[in-house]
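Let's take this one label at a time and ask what each label rests on. Have a look at the structure first, and then we'll go through the questions.

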Amino acid sequence: MGTLTYDLKKAITSRGMLAVMIFMIVFSLAVIPLISQTTVSFQPGVNYNFSSYATANGFNVLLIAYNSFGQPLSGIAFNLTGVNFKFGKTVTTNSSGLVEFFVPANSTQGTLELNANIAGSSLSQTLPNQIIILNPGKPGIPNNLASIQLVTDASNSSRKDVFVFAVGPNFSKPDYSLYYTIIPASSIGGFPGPVNESNMKYLADIKDIASVVNFNVPSNVSANEVLLAAVFQRNGTLITSLATNVLSPNINISASQIASSFLSGILAVFVPLMAILGAYSIYGRDRVSGVLESVLVRPVTRRSLLLSRFIAGLIASAAAVMITILVVDLIFALKLNQYLSATFIFSSWASLVVEVAAFIGLLFAISQLTKSTGALIGAGIGLFLVLDFLWSLIIFLALSAAGTSFGSDYALHIETLLDFFNPSQYLALVQIYQTHTILNVPVNISSYGVTLATLLIDGLAWVLLPLLLALWLVVRKD
Amino acid sequence: MLQVQGLTKIYSSRAGPAIQDVTFDVADGEVVGFVGLNGAGKTTTIRIAAGVIFPTSGTVRVDGFDIIKEKVNASRRLGWVPELPNFEQNAKALDLMKYYAGYYGIESSRAEKMAIDLLKETGLAGVEKKKLSSFSQGMKKRFSLAASLLSDPQNFLFDEILNGLDPEGILFFRNLIVDLKKKKKAILLSSHILSEVQELSDKVVFIHKGKVIQISTRQELSALEGGFLILKLNTVDENVKQYLKSYGKVEVEDDRVNVTDFKGDPSLINAELVKMGYSVREISYRTPSLEDYFFRLIKEKGDEN
């Protein structure tokens with residue numbers, strides 16, 4: 001039996017490595033179906049809309065704040081300042097998500113503009129300042145009788161609802177009708193004839209200021225078609241309409257997006273553990289327990305022996321990672337009826353192999369410095385905890401201690417930079433390069449140092465440096 | 001041929017050297033006994049010679065190849081059976097033998113037959129498929145020997161191989177050493193059982209507190225003087241003591257007289273004492289053993305260290 005073949009067999013049958021691999025596959029089987037059912041994209045934070053009507057000496061304004069499900073948000077404070085006139089006020093929404101206030105103005109002043117800014121930095125980040133236009137018109141008649149927006153269904157996030165904000169004269173309750181139709185995207189603006197009730201389907205009566213109307217997207221809707229929704233007065237007069245795509249991106253979720261998140265979030269945690277356990281089984285344990293001496297007495301140098309075990313461990317781990325990724329792919333195919341791209345599979349696998357090589361090399365090096373299995377196991381656990389499991393927490397605590405706001409651009413720069421010095425983050429870096437996003441925030445990745453060249457250098461360094469360190473130590477330590 | 005030259009090993013600067021300037025040779029066809037108390041440095045020396053630990057200074061040459069700088073060539077010519085062989089517990093005997101054979105460049109097809117033959121030769125027939133974890137200490141030593149015979153090396157390092165063996169095992173290894181000697185192999189044999197060493201060795205290296213304190217050939221050992229004479233007389237008086245003092249150191253216990261470091265002819269002593277009117281009830285004489293010699297050496301030279 002060839003020596004490498006034997007080492008390879010020893011690595012493949014490593015119980016620790018097999019256990020983690022099986023765990024990852026079982027975990028994937030259990031978790032991926034849940035992810036595919038619940039993952040949708042929606043806009044977090046606060047949405048708001050407004051209406052106003054003129055009075056003899058100013059304007060009455062009605063603001064509504066609601067979330068991505070169309071649910072009213074109470075206690076939302078708006079800082080209001082006049083843009084082209086003198087005004088300043090802070091108002092807060094009530095339990096219905098509404099707040100009504102008066103803006104004194106001389107009727108001769110014409111159109112006024114109000115700057116509405118949601119108080120609180122975290123909320124203001126989600127929605128920029130908005131200008132409220134106050135148009136003098138017929139007293140008591142709101143200039144925005146209704147508006148339509150698509151929101152996420154609260155009970156089934158893969159579905160959409162239609163949110164309607166509507167008011168009657170003097171902000172009384174409305175009495176309107178909501179109609180819809182599905183039209184080709186190319187027909188927007190040129191809908192056959194004017195938008196009217198006769199060429200649309202009735203959906204619901206609108207009798208409240210805020211209404212969430214369930215809307216079942218017909219199963220035969222294609223990606224090239226859009227929803228056209230419209231609100232009509234009882235006499236059939238069109239108040240407002242909205243044409244929007246209902247299929248993308250919320251229902252047709254990319255398998256690669258979910259897989260990317262899954263692989264970086266879950267597999268990237270366990271693959272280093274698999275590498276550490278594999279390295280312990282094929283070299284570390286033998287080295288500290290003295291078993292390796294029975295091999296070392298043969299015609300082989302220490303470096304050749306270490307290299308042979310390293311290659312065996314790397315091949316076995318690479319195969320295990322590929323099998324796991326392919327199983328994940330199969331699960332995605334069964335759940336979402338689409339396969340991951342070959343590019344995505346290869347880049348994820350290659351990134352994880354870099355991580356595996358680094359952790360095997362690190363454990364080999366540590367095993368040259370430890371004298372007992374207990375110390376080596378302890379060091380391996382420490383390596384896993386610090387570089388892998390607790391890495392994000394450590395970064396968070398370090399940034400907090402330094403007074404840096406987590407999630408800020410500066411913090412993202414620091415975190416990305418530190419990731420270059422941690423092999424367990426290599427897949428995350430590659431995914432930043434591929435998606436051009438950090439924590440789902442679109443960024444100019446080159447300004448974060450994430451380029452093809454830096455990734456290649458980092459990957460090469462993590463494959464070679466720990467191995468070279470182990471090869472250096474093996475001829476200096478008994 | 002094994003050449004150990006100026007070998008020094010320091011595990012920890014606080015503890016001092018485990019061995020210091022150890023130098024000796026083992027020629028082809030020669031069995032060299034390696035004798036010392038526990039912790040004297042025998043195993044450290046042998047482990048360095050086997051190439052499993054590094055010396056702090058000094059060299060070991062195996063048929064002229066340096067065990068550190070020319071490890072592959074040196075190890076190819078060396079077999080090592082440690083006191084407590086340590087193998088992969090989950091490995092099966094035949095698989096492990098074939099794995100080791102790979103390091104000697106033995107083809108897989110040849111390796112299996114060779115491994116089976118060697119296991120049989122070393123008394124391990126029928127255990128080819130068994131895991132090493134099920135082996136007794138004696139079986140592990142036999143397995144270690146079988147593995148070391150894979151390359152039919154010219155040189156052997158046997159570290160306390162007789163320890164923990166049953167009489168059959170001891171006999172097996174004793175015969176093996178005799179056979180290897182006939183085949184002109186160079187053998188370094190470390191053992192606590194000094195009678196075995198004395199019987200098998202052509203030369204004995206005595207090590208104490210990490211230093212070689214004496215190297216004696218078989219001829220030198222066989223000519224050792226200073227035996228042990230025990231006498232039981234009807235009465236022990238000053239005349240007897242004075243008479244016996246000229247033959248060695250005299251100690252009296254009741255009617256028994258012990259003469260250590262005895263130099264003389266016991267039968268002449270017996271006749272002379274009878275002539276002097278004493279009744280000799282018992283007389284016994286023991287020639288000096290390696291053990292006696294070893295302890296005398298420690299007493300004489302060990303304290304110099």
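Q: What makes β6-β7-β8-β3-β9-β10 of chain B a sheet, and is the sheet open or closed?
A: In this predicted model, the six strands line up in that order as an open sheet, with mixed pairing. Strands count as paired if DSSP finds at least two bridges between them.

Q: Why are β6 and β10 of chain B called edge strands?
A: Each of them, β6 (78-81) and β10 (211-217), pairs on one side only. Going from one strand to the next, the twist averages 15°.

Q: How do you know that β9 and β10 of chain B are paired?
A: Count the bridges: six join β9 (residues 203-208) to β10(B), and the cut-off is at least two, so they pair. The two strands run antiparallel. As an example of who faces whom, Val204(B) is opposite Ser216(B).

Q: Which helix packs on this sheet, and what does it touch?
A: That's α1 (residues 42-50) of chain B, and it touches β3 (31-35), β6, β7 (155-159), β8 (186-190) and β9 of chain B. The direction of α1(B) makes about 150° with that of β7(B).

Q: Why is α1(B) said to be largely enclosed?
A: A residue is buried if 20 or more other C-beta atoms lie within 10 Å of its own. Nine of the nine residues of α1(B) are buried, so the rest of the structure largely encloses this helix. Among them are Lys42(B), Arg47(B) and Ile48(B). Right after the helix comes Gly51(B), with a positive phi of about 85°.

Q: Over in chain A, why are α7 and α11 called roughly antiparallel?
A: The axes of α7 (residues 342-369) and α11 (residues 426-435) of chain A cross at roughly 150° and come within 8 Å. Angles over 145 degrees count as roughly antiparallel, and α7(A) and α11(A) therefore earn that label. Their crossing is right-handed.

Q: Which residues of α7(A) and α11(A) meet?
A: On the α7(A) side they include Ser347(A), Leu352(A) and Glu355(A), and on the α11(A) side they include Tyr426(A), Val430(A) and Gln434(A). By class, the residues of this contact split into five nonpolar, four polar and one charged.

Q: How many residues does each chain put into the contact between A and B?
A: Chain B puts in 23 residues and chain A 16 residues. On the chain B side, α2 (71-76), α3 (93-103) and α4 (108-121) each supply at least two. The most comes from α3(B), with six residues. That side of chain B has 13 nonpolar, five polar and five charged residues.

Definitions and conventions: Residues numbered from 1 in each chain as written. Chains lettered and ligands numbered in written order. Predicted model: local features only at pLDDT ≥ 70, side-chain atom pairs only at ≥ 80, totals over all residues. Axes fitted to C-alpha atoms, helices over the stretch in contact; angles between N-to-C directions. Helix = DSSP H or I, 4+ residues; strand = E, 2+ residues; numbered from the N terminus. Parallel < 35°, antiparallel > 145°, perpendicular 65-115°, else oblique. Left-handed = near helix turned anticlockwise from the far one by under 90°. Contact = placed C-beta atoms within 7 Å. Nonpolar A, V, L, I, M, F, W, Y, C, P; charged D, E, K, R; others polar. Buried ≥ 20, exposed ≤ 12 C-beta atoms within 10 Å, placed from the backbone.
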